[in-house]
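Here is a short report on the fold of one protein chain. Keep the structure open while reading.

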Amino acid sequence: MAGPLDDSTIETIRRAMDHYAVGIFPNAKPASDEVHIAFSRRFGPIQRTPVLTITGRQERIRHPEIIDQSNFDHEGNILPDNDKRLLYKRANQQWHTDMSFHPVRATYSLLSAHVIPPSGADTQFADMRAVWDALPQVMRNRIEGLEAEHSYWYSRVTAGGPEPDENERRSRPPARHRLVHVQPGTGRKVVYLASHASHIVGWPMDEGRALLDELMAFATRPEFVYSHVWSLGDVVMWDNLTTMHRATPFDDTVWPRDMRRTTVREAEV
Ligand SMILES: [Fe+2]
């Protein structure tokens, strides 16, 4: 990752990502934030500012491109059990795709392992093209052309997190996306789903919820899922437009876990 990479190497990685959707880049020691950012930038415009406001949050990492996915406060201490930031992070244990709650979605996320716990905390990925391929035709007909509304706060609160205050809510309004889209690099159809999806646009709430729950149960069956067991220094890159992912539990009030993410966007924002 640190070496000079010519455009054809980047293109090879991009094609491999189109095919596999998840890529693992092992590093003998964790990549520096600078290397992580520079590598990510080769794949498109990257997120440079905080995505939303969480009242009271202070930043531990000085690069605005790095999203701090650790269980630390800004001084590097493990967050206490009832901390709002920890509760929100635990919501990532629901299946989701990054930034679906934004009109300009995330393409790739790159997550770098700086400190890992002795067990647990695997990251799981579901291939949403394989999900489309396996869906019964009647379901395909039902969902093609539908739009879902995605809200960051919806997924936080359903996971047991606190209700956002007015300022937090305003910082991240919901966004709408088609439930089925086409992967440009391959022409394959994809189900675009996430725990952020609250309802189907234009449908009664309960009917939309039932459909989203049914799709979520189908999409996360074991045959569609890869579980990544982290090694220190791994950078895992995934395509948010063709996969869902989730964190799995670990003893997050005992063991430090320092994971850092960059996010590539569909367009500059
Ligand atoms: Fe995520």
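Residues 24 or more positions apart account for 85% of the contacts in the chain with a separation of 6 or more. A contact here means two C-beta atoms, placed from the backbone, within 7 Å. This is a predicted model: local features need pLDDT of at least 70, side-chain atom pairs count only at pLDDT 80 or more, and totals for chains, interfaces and linings use all residues. Residues are numbered from 1 along each chain as its sequence is written.

**Overall build**

The chain has eight helices and 13 strands. These are DSSP runs numbered from the N terminus: H or I over at least four residues for helices, E over at least two for strands. The C-alpha trace spans about 50 × 45 × 35 Å along its principal axes. A compact globule of 269 residues would have a radius of gyration near 18 Å, and the chain agrees, with 18 Å. That radius is taken over C-alpha atoms, and the globule rule is 2.2 Å times the number of residues to the power 0.38. Of the 269 residues, 34% count as buried. Buried means 20 or more other C-beta atoms within 10 Å of the residue's own; exposed means 12 or fewer; partly exposed lies in between, with C-beta atoms placed from the backbone.

**Strand S13 and its partners**

Seven of the eight residues of S13 (residues 258–265) are buried, so the strand is largely enclosed by the rest of the structure. Strand S3 (residues 106–115) runs antiparallel to S13, joined by seven bridges. Ala113 stands opposite Met259 of S13. Strand S2 (residues 67–68) also pairs with S13 in the antiparallel sense, over two bridges. There, Asp68 faces Arg260. Pairing requires at least two DSSP bridges between the strands.

**Two open sheets**

One open sheet has three strands in the order S6-S5-S9, paired antiparallel. S6 (175–178) and S9 (197–200) are at the edges with a single partner strand each, so one side of each has no neighbour in the sheet. The twist averages 35° from one strand to the next. S5 (residues 147–150) is joined to S9 by three bridges. Ala148 has Ile200 in S9 as its bridge partner. Helix H8 (residues 205–219) packs on this sheet, touching S5 and S9, and its direction makes about 120° with that of S9. Axes are lines fitted to C-alpha atoms, for helices over the stretch in contact; angles run from 0 to 180 degrees between N-to-C directions.

Another open sheet of three strands has the order S10-S4-S12, with antiparallel pairing. Its edge strands are S10 (225–228) and S12 (243–247), each pairing on one side only. Neighbouring strands are turned by 20° against each other on average, direction ignored. Four bridges link S4 and S10. Phe125 has Tyr226 in S10 as its bridge partner.

**The nonpolar core**

Which residues touch the most other members of the largest nonpolar core? Among its 44 residues, they are Ala126, Met128, Val131, Val191, Leu193, Ala219 and Met244. The largest share of this core, five residues, comes from S3. A core is a set of buried Ala, Val, Leu, Ile, Met, Phe, Trp, Tyr and Cys residues joined through C-beta atoms within 7 Å. Leaving out residues up to four places away in sequence, Ala219 touches partners including Val131, Leu193 and Phe224.

**Helix H1 and the loops**

The 14 residues of H1 (residues 7–20) should span 20 Å at 1.5 Å a residue, and the end C-alpha atoms are 20 Å apart, which agrees. The expected span is 1.5 Å times one less than the number of residues. The number of buried residues in H1 is zero, so the helix lies largely in the open.

Most residues other than glycine have a negative phi. These three have a positive one:

| Residue | Place | Phi |
|---|---|---|
| Ala21 | just after H1 | about 75° |
| Met99 | loop between H3 (84–90) and S3 | about 65° |
| Ala121 | loop between S3 and S4 | near 65° |

Met99 counts as buried, with 25 C-beta neighbours inside 10 Å. Ala121 is buried too, with 21 other C-beta atoms within 10 Å.

Asp122 sits in the loop between S3 and S4 (123–127). Asp122 is partly exposed, with 15 other C-beta atoms within 10 Å. Asp122 and Ala247 are 125 residues apart in sequence, yet 6.4 Å apart in space, C-alpha to C-alpha. Not counting residues up to four places away in sequence, Asp122 touches Ser227, His228, Val229 and Thr248.
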